[in-house]
Amino acid sequence: EVQLVESGGGLVQAGGSLRLSCAASGFTFDNYAIGWFRQAPGKEREGVSDISTSDGSTYYADSVKGRFTISSDNTKNTVYLQMNSLKPEDTAVYYCGAGGRGLALYEYDYWGQGTQVTVSS
């Protein structure tokens with residue numbers, strides 16, 4: 001059974017940091033890219049960052065570039081999203097997905113259940 005399990009969300013003040021984890025199982029990890037997406041209330045799900053688990057190449061949305069860092073530990077089948085200098089507009093449910101490269105939703109085959117990130121001003 002394919003599973004993606006996010007963790008690490010929470011409440012943090014603006015300027016603070018959080019590290020999200022996405023633990024994957026049930027598929028060949030390094031055959032897929034892993035992406036982080038977020039969805040704020042009343043808004044569509046948007047891509048934040050993705051990583052190729054085979055070669056480590058990464059991509060970031062402009063809104064998080066320089067503040068967020070994605071990384072992968074292939075020995076643990078886990079992808080991390082280190083989020084620094086958080087802003088209230090980063091508040092959303094964060095999801096990880098497994099699929100092809102890029103941040104288009106249709107590229108992703110599997111999804112986790114999401115973890116809430118709330119940034120207070």
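Which residues is Y94 in contact with, leaving aside its neighbours within four places in sequence? We'll get there in Exercise 1.

Before you start: this is a predicted model, where local features need pLDDT of at least 70, side-chain atom pairs count only at pLDDT 80 or more, and totals for chains, interfaces and linings use all residues. Residues are numbered from 1 along each chain as its sequence is written, and side-chain values use heavy atoms, with hydrogens and water left out.

**Exercise 1. List the contacts of Y94, then place Y94 in the nonpolar core.**

Step 1. Contact means heavy atoms within 4.5 Å. Skipping the neighbours within four places in sequence, Y94 is in contact with E6, L20, W36, F37, R38, V48, F68, L81, M83, G114, T115 and V117.

Step 2. Next comes the core. A nonpolar core is a set of buried Ala, Val, Leu, Ile, Met, Phe, Trp, Tyr and Cys residues joined through side-chain atoms within 4.5 Å. Buried means under 20% relative accessible area, exposed is over 50%, and partly exposed is in between (1.4 Å probe, protein chains only).

Step 3. The largest nonpolar core has 27 residues, and those touching the most other members are I34, W36, F68, L81, M83 and Y94. Two or more residues of this core come from each of β3, β4 (33–39), β5, β7, β8, β9 and β11 (115–120). Strands here are DSSP runs of E with at least two residues, numbered from the N terminus.

**Exercise 2. Find the disulfide and say which parts of the chain it links.**

Step 1. A disulfide is a covalent bond between the sulfur atoms of two cysteines. The working rule is a pair of cysteine sulfur atoms within 2.5 Å, and by that rule the count is one.

Step 2. The bond joins C22 to C96, with 2.1 Å from S to S. Those two sit in distant parts of the chain, 74 residues apart: C22 is in strand β3 (residues 18–25) and C96 is in strand β9 (residues 92–99).

Step 3. Check the handedness and the surroundings. The torsion about the S-S bond of C22 and C96 is about 70 degrees, so the disulfide is right-handed. C22 is buried at 1% relative accessibility, and C96 is buried too, at 0%.

**Exercise 3. Trace the open sheet of four strands from edge to edge.**

Step 1. Two strands pair if DSSP finds at least two bridges between them. The order in this sheet is β1-β3-β8-β7, with antiparallel pairing.

Step 2. At the edges are β1 (3–7) and β7 (68–73), each pairing on one side only.

Step 3. Zoom in on one pair: β7 and strand β8 (residues 78–83) run antiparallel to each other over six bridges. S71, for one, has Y80 in β8 as its bridge partner.

Step 4. Look at the loop between β7 and β8, where you'll find N77. Most residues other than glycine have a negative phi. N77 has a positive phi, near 50 degrees, and isn't a glycine.

**Exercise 4. Work out what β11 pairs with, and which of its faces is covered.**

Step 1. Strand β2 (residues 10–13) pairs with β11 in the parallel sense over four bridges, and Q13 has S120 as its bridge partner.

Step 2. β9 also pairs with β11, this time in the antiparallel sense over three bridges. Here A92 has V117 as its partner.

Step 3. The covered face of β11 holds T115, V117 and V119, while Q116, T118 and S120 make up the uncovered one.

**Exercise 5. Look up salt bridges and see which parts of the chain they link.**

Step 1. A salt bridge is a side-chain nitrogen of Lys or Arg within 4 Å of a carboxyl oxygen of Asp or Glu. The whole structure has five.

Step 2. One of them joins R101 and D50, whose closest N and O atoms are 2.9 Å apart. R101 is in the loop between β9 and β10 (108–111), D50 is in strand β5 (residues 46–52), and the two are 51 residues apart. R101 is partly exposed at 35%, whereas D50 is buried at 0%.

Step 3. D90 and R67 meet at 2.7 Å, N to O. D90 is in the loop between β8 and β9, and R67 is in the loop between β6 (58–60) and β7, 23 residues apart.

Step 4. Finally, R38, E46, R67 and D90 are linked in a network of salt bridges.
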